[in-house]
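Here's a quick tour of a two-chain model. Have the structure open beside the text and follow along.

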Amino acid sequence: MKKIFSFALIAIIAFGLLAAGCGGTTPAPKSEASKDAVPADIKAIKDRGVFKAGVKVDVPKFGYKDAKTGKIDGFEIDLVKAIAKKILGDENKIDIQGVVAKTRGPLLDNGDVDAVIATFTITEERKKSYNFSDPYYTDGVALMVKKASGAKSLKDLDGKKIGVSQSTTTKKALQTELDKLGIKASFLEFGTYAEVKAALDSGRVDCYSIDAAILFGYLDDSVVILPDRYSPQEYGAATKKSNTALAKLINDTLNDMKKSGEIDKLLQKWGLK
Amino acid sequence: MPGPFAGFKWLALFEDWQIFLEGFLVTLEVSCLALALALSLGIVGGMLGAAPNRFLRWVNRCYVEFIQNTPLVIQIIFLYHGLPHLGVTLPVFLIGVLGIGVYHGAYVAESIRAGIGAISRGQLESAYSQGFSYWQAMRHVVLPQAKRIVLPPITNQVVSLIKNTSVLAMVAGGDLMYHADSWSSSNLYYGPAFVITGLLYLAICYPLARQARRLERELEVSA
């Protein structure tokens, strides 16, 4: 018996140390110490000579990887380029990697990417963990159903199953709408967007719900996207909590682009307006 | 600066403890039922594998080779996303029990077949000479001796069966891993969520492994 306890104790201590160790590695912001010098987080990017960003690769018009050319392109990629130009003076000095909803947070935390610009909805809860820029795009949650189901609106989904993707804000947003209508639906969560679509195809769920922009990437002949949009989802560029100078720089860049009309131009270029 | 393990994230987790409890219970239920299925399939499958009849051995090979040489993930995905296209929609809980039970049943069958093979042929022959039939000899002479040999590898299987129930997270199975994923990915407090989830799996597996080890020692004495 004694052995069991001592083992359990060791296990708990080991986990605790691991936890404390990881928690303690977050560097303190250094921007206050040297006001004139380049802040450490931006200097790191300059020294490296490349701006690393996490983007979507499966959301048409925002971040989409062309299967033929292997090139990732989209509105958010253009934003990454604009930021790289601001920091490094060259919009091609970027290193973009595909992220999914679930990897966005960890990749920022461990420093694999400097910023995530990947249809990342700003929420109060998330702001506690990461810096978010002001919103650069507002989307709405939409519903995709099978044509054969005949569903026309959220009302028709009473008692049905709604598939959503993990690490998204869809579930909370839709629950509020369901409560307003006084109807009930259950939610099933899947790891990737493609899995939710597979679940819709196999009839495991009756509806696939996520931000409209993402949903359009999965449109095919057997399904239809309903016209309603729910609870505006504001997309922001996220950075690691400690990289405050970088967060400010990104925010300023995006805001300047909004003022100068550059963002509007990009939105038109990608047909998002 | 809040890292992945910041204090407020732990507090948020302890506030939502019911979510984790719910998942923990589902994991326990699936584990118990899948374990029962795996052991029954394993014992039958193992005896078939050691049977003198060639057809029975062939049945065993088909089952074991097919299940062992395809990933569990694919088997589960097939049951969940594939079967509905063929008109069979199994509830996800049943998929957990069936999928994981059948998968580990194949491994248990191999352990048991090996255990039977390790008992010297003379034991079977002397049982025959006493008038036992094949199945009687198995039941009363060979299996009781094989038990001692197969216990350690079967313990391994039991523990990995429990851990493998986490594949259900992929198909919205409502198990512990699913709830940990779901909870931690909506608020991105993944640090504490996965530490606690890991400890909860440890809390099931470790006592079980201890108990099995004790059983091994007892068998050692009686043998």
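## A sheet in chain A

Two strands count as paired here if DSSP finds at least two bridges between them. Keep in mind that this is a predicted model. In chain A, strand 1 (residues 51–55) and strand 5 run parallel, and five bridges join them. If you want a spot to look at, find Phe51(A), which stands opposite Ile94(A) in strand 5 of chain A.

That pair belongs to something wider: five strands of chain A form an open sheet, in the order 5-1-6-14-7, with mixed pairing. Strand 5 (94–98) and strand 7 (130–132) of chain A are the edges, each pairing on one side only. Helix 9 (residues 244–260) of chain A lies across strand 6 (115–116), strand 7 and strand 14 (238–240) of chain A. Against strand 14 of chain A, this helix runs at about 165°.

## Chain B: helices and no strands

Switch to chain B and the picture changes. You'll count nine helices and zero strands there, so to speak an α-α-α-α-α-α-α-α-α run from the N terminus on. The C-alpha trace of chain B spans about 75 × 50 × 25 Å along its principal axes.

Of the 223 residues in chain B, 39% are buried. Among the contacts in chain B with a separation of 6 or more, 76% come from residues 24 or more positions apart.

## Helix 8 of chain B

Is helix 8 of chain B largely enclosed or largely open? Eleven of its twelve residues are buried, so helix 8 of chain B is largely enclosed by the rest of the structure. The buried residues include Leu176(B), Tyr178(B), Asp181(B) and Trp183(B), along with Ser184(B), Ser185(B) and Ser186(B).

As for its length, helix 8 of chain B reaches 17 Å from its first C-alpha to its last, close to the 16 Å expected at 1.5 Å a residue. After the helix comes Leu188(B), with a positive phi near 65°.

## Where the chains meet

How many residues does each chain bring to the contact? Chain A gives 32 residues and chain B gives 26 residues. On the chain B side, the elements that supply two or more residues are helix 4 (72–82), helix 8 (176–187) and helix 9 (190–222) of chain B. Helix 9 of chain B provides the largest share of that side, six residues.

What does the chain B side consist of, by residue type? It divides into 15 nonpolar, nine polar and two charged residues.

Definitions and conventions:
Residues numbered from 1 in each chain as written. Chains lettered and ligands numbered in written order. Predicted model: local features only at pLDDT ≥ 70, side-chain atom pairs only at ≥ 80, totals over all residues. Contact = placed C-beta atoms within 7 Å. Helix = DSSP H or I, 4+ residues; strand = E, 2+ residues; numbered from the N terminus. Nonpolar A, V, L, I, M, F, W, Y, C, P; charged D, E, K, R; others polar. Expected span 1.5 Å × (residues − 1). Buried ≥ 20, exposed ≤ 12 C-beta atoms within 10 Å, placed from the backbone. Axes fitted to C-alpha atoms, helices over the stretch in contact; angles between N-to-C directions.
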